[in-house]
Protein chains: 2
Amino acid sequence: MLGKKSSRTSSALPTGNCYTHCSMLQETLEQGRALTDAALDRLIPKETQEPASIHKAMRHSVFAGGKRLRPVLCMEAGRMVAGKKTAGSLPKKIEDLGAALEMLHTYSLIHDDLPALDNDDLRRGRPTCHKVFGDALAILAGDALQTQAYEVLAQLECPAEARVKIIEEIARGTGTVDGMIGGQVVDLEAEHTQPTAEMLEYIHRAKTAALITASLVSGGLYAGAKKNEVEKLRAFGRSIGLAFQIVDDVLDVTQTSEQLGKTAGKDTSAQKATYPALFGIDESLRKADALVSAAFAELDSFGDRAETLKELARYLVERKK
Amino acid sequence: MLGKKSSRTSSALPTGNCYTHCSMLQETLEQGRALTDAALDRLIPKETQEPASIHKAMRHSVFAGGKRLRPVLCMEAGRMVAGKKTAGSLPKKIEDLGAALEMLHTYSLIHDDLPALDNDDLRRGRPTCHKVFGDALAILAGDALQTQAYEVLAQLECPAEARVKIIEEIARGTGTVDGMIGGQVVDLEAEHTQPTAEMLEYIHRAKTAALITASLVSGGLYAGAKKNEVEKLRAFGRSIGLAFQIVDDVLDVTQTSEQLGKTAGKDTSAQKATYPALFGIDESLRKADALVSAAFAELDSFGDRAETLKELARYLVERKK
């Protein structure tokens, strides 16, 4: 086990010129969010479409002000692979892929929040889906967002060969063995136990990092990534995905519900397996920083084109919510 | 509205030589079930695969003795389009497509049986998934079967162009607008109301007929069906799917729980929208017969090759459970 010497302020990450980087990052995040939101609005049936209740429930959770991190990572991976540098030049209609990823992320949140699972009343600052629409409709809205995601993926504007690879990658990343559902299962079962570091790493890699990795890899595949490029994106995703979840655990301890827009301290009260519980806050953050530094090395061969993805990775460990 | 003159015994369906047809049908059903079961066993992670609990929950519901009607219809549609007549000559590995359809059907059953929805304790003669594994794992097992289905579909042994068409077809057939989830939503909302014939037809077409139609169409697409062949399969599916659900409603009234392997009389006690409630038993069966007769006409251009699908359609309205 590692010591607890590092702290947030002594981060070893390269910081660069903050003004330039911060505004570039801001632009990337804002452009990505706007594109994703427009695609989601186009791709999810309107609230007036019958049966209206299910579409209202789906939209309630999808349009609750998420950061759209997975779509942004996906789109930036696509831009990097396609060799485009500027913010305006994303691969055509890649936002539909981003929207499908966000639908899958949202479906998992709706189901995780159910009384039978995490029983959470607040998500992204709003009442959770089941609090507003009841458990039955929340279960079906989650199901429907998963279904809708695959309908969108099957119709993406890239070659059919790339589409089936993307679908396979995403299904595996959200599946039971090393994917999102597997992570949620082990997380539930680890409650009220003293988790080992190994179990904790499995939970975080499967529950969170796997979909983040699938987002990056699918963005690359959309833009025609070669096998070695896919593997670099995969390694990058595995590291930043784990770092992201470690920071999420830390924020649950250090921030208030108001700051987070969801119930803070849930992990502690549920005796959840978390990094701060096992390693303490400082050491957890040091691990997150180290993972991001390692992730950067994976993108060396992309040169300057990787700059935005690196900025995004840095943002993931330095965010406040 | 039609009169109530018809009865079960005066069915207008062609019956043919019963001995030959019955044994051919039996062989088709048994071969289809065996192939589907073997594919499901190969494609769903083993019970020993970690996290073991979710794989046990998935397998509990998948291997509960279902008739595998959707896979059988899918495989027969594939055989018909491929121009093969004998029971041994299915398109190669089409059973993987059948298995994916059965995973989707089973996911919907697991979620429908939850306390928040139909609250059913018995399914295919066994305790339902949530009764054995708890609500949390049942929700996740349903989710996981949907996810696994798309992973399998993305890897089918047919051209990528056909795979994405199949995925789109199946996602739409299980979606919210005219698909399975939409039907379930309206069904839940129609409880304790006096349904109109129009609403009832929507529920049955969306909740049941849409996945049966997607099974037939996807089987055809797997075998390389042309556009006009796809449309004939779609029309056939819409009719026999509705007939199937009408007969299901009737069996809920006329059979015991023991005969059905699930709780009988549920529809009546839940004041569900059903055909017998609206039209009576005899008239409901007459409608089912008429739908099957109409469905037969859709397959005329396939000649002799359609014989087995017609036998299956006849079986759907004459079954006892």
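## Leu40 of chain B

In this predicted model, Leu40(B) has its place in helix H1 of chain B, the helix that covers residues 18-43. Leu40(B) counts as buried because 26 C-beta neighbours lie inside 10 Å, where 20 or more are needed for that class.

When residues up to four places away in sequence are not counted, Leu40(B) touches Val62(B), Ala99(B) and Glu102(B). One of these partners, Ala99(B), is 59 residues apart from Leu40(B) along the chain, yet the C-alpha atoms of Leu40(B) and Ala99(B) are separated by 5.4 Å.

## The contact between chains B and A

The contact between the two chains takes 42 residues from chain B and 42 residues from chain A. On the side of chain B that touches chain A, the elements giving two or more residues are helix H2 (52-62), helix H6 (135-154), helix H7 (160-173) and helix H8 (180-190) of chain B. Among them, H6(B) gives the most, with 12 residues. Sorted by class, this side of chain B has 21 nonpolar, 13 polar and 8 charged residues.

## How the two copies are related

A turn of 180°, with a shift of 0.0 Å along the axis, lays chain B on chain A with an RMSD of 0.0 Å, which is the relation of a two-fold axis. In chain B, the C-alpha nearest this axis belongs to Ala160(B) and lies 2.7 Å from it. The same surface serves both copies, since 100% of the contact residues of chain B recur in chain A.

Notes: Residues are numbered from 1 along each chain as its sequence is written. Chains are lettered from A and ligands numbered from 1 in the order in which they are written. This is a predicted model: local features need pLDDT of at least 70, side-chain atom pairs count only at pLDDT 80 or more; totals for chains, interfaces and linings use all residues. Helices (H or I, at least four residues) and strands (E, at least two) are DSSP runs, numbered from the N terminus. A residue is buried if 20 or more other C-beta atoms lie within 10 Å of its own, exposed if 12 or fewer, and partly exposed in between; C-beta atoms are placed from the backbone. Two residues are in contact if their C-beta atoms, placed from the backbone, lie within 7 Å. Ala, Val, Leu, Ile, Met, Phe, Trp, Tyr, Cys and Pro count as nonpolar, Asp, Glu, Lys and Arg as charged, and the others, Gly among them, as polar. Copies are superposed by least squares on the C-alpha atoms of residues with pLDDT of at least 70 in both.
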